[in-house]
Amino acid sequence: MKAQSTLSRLKGFRYHREFIAHWVRASHRFAMRTRHVAQSGIHAKVGTIRTNFLWSCRDWSKYDATPATKLAKLHHSVADAVKRVNGLEWDKTRTPPQQHQAGRKIAEATVAEIEKTRAELKTWAANETDAAMSAIEAALSPDIGTAAQVVRSEIRAFVLSKKGDPDFIGELRNLVETGIRFATAILEAPAALSGISPERLGTLRIHAAAALAPEAAERVRVASEIAGLDAKLASVAAEIPRTFFNPGIEKGMATRVDVNAPLSTGE
């Protein structure tokens, strides 16, 4: 009977030891970009917390100072929350319903921290993308001189004459990546003037940006990666409540007797 009571007391909390261990192991998997879903022997739904988020927060040093700092703080906040919830298992000053009520409070604070970070990262990613794209446009801006315009027109005519030549496809990319005149000639005009498809033009624009404005292109890539964390953060925020407490056990708080209320006198 005592063993059964102990098992009931621990229900909903034992998986946190495994969660903390997984938190540490996840950092080693980040480099391999391996996907893994934590598994729990107590509650299957608890094991659905996505470790992509943990990987990203764990390897924050690879990002710019602003998102890196935000991710580092969030990582420590979530780790601290997990530690506290895990400690509730051994909190002898609380009954099981009180333990789960405390778990709810920790969950709400953790979700609030995640939502705050999501908003901040969204703003940073949008601003960084705009700034980087402006830098790319500046780097790929064509010379407005008349002679330069004539040369670019001749370049487009040359590229158009190569339409249908399968050997020229790879050569065109090389020309765009290594010569600003070729790049600006192709990118400043509609795709049809060079005899290529809009999709091909878009691809060449990406190659040109990476080759001729590498720092700005890298900023765009990083900003896109940071923006991509939003879905992972949202997933974790959705899982936190069901991970940190059991509403069914918390319902026991409704039976709490208020011993501090004044005693009735019958009046």
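**An aromatic pair and its helical surroundings**

Across the whole structure, which is a predicted model, a search finds one aromatic pair. The rings of Phe158 and Phe168 have centres 5.8 Å apart and planes at 85°; because an angle over 60 degrees counts as edge-to-face, the pair is assigned to that class. The pair links distant parts of the chain: Phe158 belongs to helix H6 (residues 146-161) and Phe168 to helix H7 (residues 168-178), ten residues apart. The two partners can also be described by their exposure. Phe158 has a relative accessibility of 34% and therefore counts as partly exposed, whereas Phe168, at 5%, counts as buried.

The fold that holds this pair is helical. The protein comprises eleven helices and zero strands, and along the sequence the pattern reads α-α-α-α-α-α-α-α-α-α-α. Of its 267 residues, 39% count as buried. Among contacts between residues at least 6 apart in sequence, 74% join residues at least 24 apart. The protein exposes about 15,300 Å², and carbon and sulfur atoms supply 56% of that area.

Confidence must be considered before individual elements are examined. The mean pLDDT of the protein is 78, and 77% of the residues reach 70 or more. Helix H5 (residues 96-139) has the highest confidence, with a mean of 93, while helix H2 (residues 15-29) has the lowest, with a mean of 39. Over residues 1-52 the pLDDT is below 50, although in the model this stretch has 91 contacts beyond near neighbours in sequence. Where pLDDT is low, the predicted coordinates should not be read in detail.

The next element to follow is H8, which is mostly covered, with six of its eight residues buried. These buried residues are Phe182, Ala183, Thr184, Ala185, Ile186 and Leu187. They pack against H6, H7 and H9. Two of those packing partners, H6 and H7, are the helices that carry Phe158 and Phe168 respectively.

Leu140 offers another view of these surroundings. This residue lies in the loop between H5 and H6, and its relative accessibility is 10%, so Leu140 counts as buried. Leaving aside residues up to four places away in sequence, Leu140 touches Ile180, Thr184, Leu187, Ala208, Ala209 and Leu212. Thr184 and Leu187 are among the buried residues of H8. Between Leu140 and Leu187 the C-alpha separation is 8.3 Å, while 47 residues separate them in sequence.

Leu140 also leads to the largest pocket, which contains about 290 Å³ of space. Its lining consists of 16 residues, and those nearest the centre of the pocket are Met133, Ile136, Leu140, Arg205 and Ala209. Leu140 and Ala209, which both appear in that central group, are also in contact with each other. At least two lining residues come from each of H5, helix H8 (180-187), helix H9 (198-212) and helix H10 (214-244). Of the contributing elements, H9 gives the most, with four residues.

Enclosed space is described separately from this pocket. The search of the whole structure finds two cavities of 30 Å³ or more. The second largest cavity has a volume of about 30 Å³, and its lining is formed by Arg118, Leu121, Lys122, Ile226, Ala227, Leu229, Asp230 and Leu233. H5 and H10 are the elements that give two or more residues to this lining. H10 gives the most, with five residues. H5 and H10 thus recur here, having each also supplied at least two residues of the lining of the largest pocket.

A final point of reference is Asp64, in the loop between helix H3 (51-58) and helix H4 (65-88). Its relative accessibility is 39%, and Asp64 therefore counts as partly exposed. Asp64 and Arg219 are 155 residues apart along the chain, yet their C-alpha atoms are separated by 9.1 Å.

Note on methods:
Residues numbered from 1 in each chain as written. Predicted model: local features only at pLDDT ≥ 70, side-chain atom pairs only at ≥ 80, totals over all residues. Heavy atoms only, no water. pLDDT = per-residue confidence, 0-100. Contact = heavy atoms within 4.5 Å. Buried < 20%, exposed > 50% of the residue type's maximum accessible area, 1.4 Å probe, protein only. Areas by Shrake-Rupley, 256 points an atom, 1.4 Å probe, with all protein chains shown as cover. Phe/Tyr/Trp six-rings, centres within 6.5 Å; stacked < 30°, edge-to-face > 60°. 1 Å grid on protein atoms, 1.4 Å probe; cavity = no way out; pocket = protein on both sides within 12 Å on 5 of 7 lines; lining within 4 Å. Points joined across faces, edges and corners; volume = space filled by probe spheres on them.
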